[in-house]
Amino acid sequence: MAYTTIDDPSAYFQTTLYTGDGGGTRAVTHGGNSDLNADWVWIKDRGTSSTHYIFDSVRGVQKHLSSASNSQELSDANSLKAFNSNSFTLGTSGNVNGNSRTFVSWNWKAGTSFTNDASSTGIGTIDSAGSFNNTAGFSIVSYTGTGSNGTIKHGLSTAPEMYITKSLSSARSWAVYNQNIGNTKAVFLNSTDAQDTDATYWNSTSPTSSVLSLGTRSEMNHSGENFIAYCFAPKQGYSKFGSYTGNGNADGTFVYTGFKPALIIQKNSGATGNWILYDNKRDVDNVANKILIPNNSSAEASACDVDLLSNGFKFRAVNDASSNKSANTYIYMAFAEHPFTSSTGTPVTAR
């Protein structure tokens, strides 16, 4: 079997930088080797305390959520106006297209739609619909909560190792499942809180190759409320979801991914602290330190050096609680700039 089936990760994920123009038809074009028709677009103003804006094609244009807030879905006709074949179009909203303001967007492709009537297909117990991409291991799933233990089809052919759920109807936290902390725990994307243990988050049940399990907690299954879930299954040479243990020194713990990271999002799961987001576009050097914080609206800052290597990453901050405190556990999600070895067996090198 080939080392990877994805020689060009830019066909499925890209970080895109742009400067707003304040106009009503700003087309932001992706610059990767491949065209990217993104289905999940996450935008942040780098220079101000404007909040994160998260859009997806399943919910539709103009509808946005913020990772820094538990707020319900909002709609703004002047925000994201269209998902295009290699771009997205923005309106006049200052939070996504303020004149002369600098922005970053992180963009993922799903692309194949599905609808699942659980009673007729026998897959899951709760109806779901969405968009999936099995090559990239990513799906976007919408469903309506029941308030009872249940399962939903996630659209992927392999079990997700990380997923994020959010109520669209009410002010509820973003609940995050990570296989390394287990099916009785959750962390929250909009919060600094440490992981919480409660069997009613995921019904003490890990996802399978067809469904993910929901407990009775309101954060992911309140009766009658509409929800969205973003699901991720690892793909060799392209994505990885897991955990590492900090060692507290400048020669930090090496985390093997099998690819040169383009994006890392991580959090100290066992202690209070921010989520931290790094990418290879805002930092062009091998050691990245330009951070954005998903759980708050702060402008871009410099902190927590991380070495982006050809086959993984290593945090360099000495005993830093947010990235490398000795004996602390951190969960992460990472996506590739380039696989360590291509499908033809050709190795790549670090920047």
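A residue counts as buried when its relative accessible area is under 20%, as exposed when that area is over 50%, and as partly exposed in between. The model on display is a predicted one, and the tour below moves through it stop by stop.

**Stop 1: strand β2**

Select residues 26-29, which make up strand β2. The side chains here alternate along the strand. R26 and V28 point to one face and are buried, while A27 and T29 point to the other face and are not buried. Next, add β8 to the selection: 4 bridges join β2 to β8, and the two strands run antiparallel. To find the register, look at R26, which stands opposite L90 in β8.

**Stop 2: the β7–β8 hairpin**

Keep β8 (residues 87-90) in view and add strand β7 (residues 80-83). These two strands are antiparallel and are joined by 3 bridges. Together β7 and β8 form a hairpin, with 3 residues between them. One pairing to display is that of A82, whose bridge partner in β8 is T89.

**Stop 3: K81**

Within strand β7, select K81. Is K81 buried or partly exposed? K81 counts as partly exposed because its relative accessibility is 36%, a value that lies between the cut-offs of 20% and 50%. Now display the neighbours of K81: leaving aside residues up to four places away in sequence, K81 touches G24, V61, T89, L90 and G91. For G24 there is an atomic detail to inspect, since a polar atom of the K81 side chain lies 3.0 Å from the backbone oxygen of G24. A distance can also be drawn from K81 to K63: the C-alpha atoms are 9.4 Å apart in space, and the two residues are 18 apart in sequence.

**Stop 4: N190**

Move to the loop between β16 (185-188) and β17 (196-197), and select N190. N190 is classed as buried because its relative accessible area is 14%, which falls under the 20% cut-off. Which atoms does the side chain of N190 reach? One polar contact is made with the side chain of S173, at 3.4 Å. The N190 side chain also reaches the backbone nitrogen of W174, at 2.9 Å. Showing the wider surroundings, again without residues up to four places away in sequence, brings up S67, A68, S69, N70, S173, W174 and N295 as residues touched by N190.

**Stop 5: two residues with positive phi**

Select S204 in the loop between β17 and β18 (211-214). S204 has a positive phi of about 50 degrees, although it is not a glycine. Its relative accessibility is 37%, so S204 counts as partly exposed.

Then select C304, which lies in strand β25 (residues 301-309). C304 is likewise not a glycine, and its phi is positive, at about 55 degrees. With a relative accessible area of 12%, C304 is therefore buried.

**Stop 6: the largest cavity**

Turn now from single residues to enclosed space. How many cavities of 30 Å³ or more are there? The count comes to 1. The largest cavity has a volume of about 50 Å³. To outline the largest cavity, select its lining: W40, W42, M162, I164, V176, L189, I265, W275 and M333. Both β3 (40-45) and β14 (162-167) supply at least two residues each to this lining. Colouring the lining by class shows 9 nonpolar residues, with no polar and no charged residues.

**Stop 7: the largest pocket**

The last stop is an open space. The largest pocket holds about 310 Å³. Of the 20 residues that line the largest pocket, begin with S10, Q14, G32, K281 and E337, which are the closest to its centre. Then add strands β1 (13-19) and β27 (329-339), each of which supplies at least two residues of the lining. Which strand gives the largest share of the lining? That share comes from β1, with 5 residues. Coloured by class, the lining of the largest pocket divides into 11 polar, 5 nonpolar and 4 charged residues. For a final view, show both linings together: the lining of the largest cavity has no charged residues, whereas the lining of the largest pocket has 4.

Notes:
Residues are numbered from 1 along each chain as its sequence is written. This is a predicted model: local features need pLDDT of at least 70, side-chain atom pairs count only at pLDDT 80 or more; totals for chains, interfaces and linings use all residues. Side-chain values use heavy atoms; hydrogens and water are left out. Buried means under 20% relative accessible area, exposed over 50%, partly exposed in between (1.4 Å probe, protein chains only). A polar contact is a pair of N or O atoms within 3.5 Å; within protein, one must be able to donate a hydrogen and the other to accept it, and residues adjacent in sequence count only if both atoms are side-chain atoms. Contact means heavy atoms within 4.5 Å. On a 1 Å grid over the protein atoms alone, a cavity is a set of points where a 1.4 Å probe fits but cannot get out, and a pocket is an open set with protein on both sides within 12 Å along at least five of seven lines; lining residues have an atom within 4 Å of a point. Grid points are joined across faces, edges and corners, and a volume is the space filled by probe spheres set on the points. Ala, Val, Leu, Ile, Met, Phe, Trp, Tyr, Cys and Pro count as nonpolar, Asp, Glu, Lys and Arg as charged, and the others, Gly among them, as polar. Two strands pair if DSSP finds at least two bridges between them.
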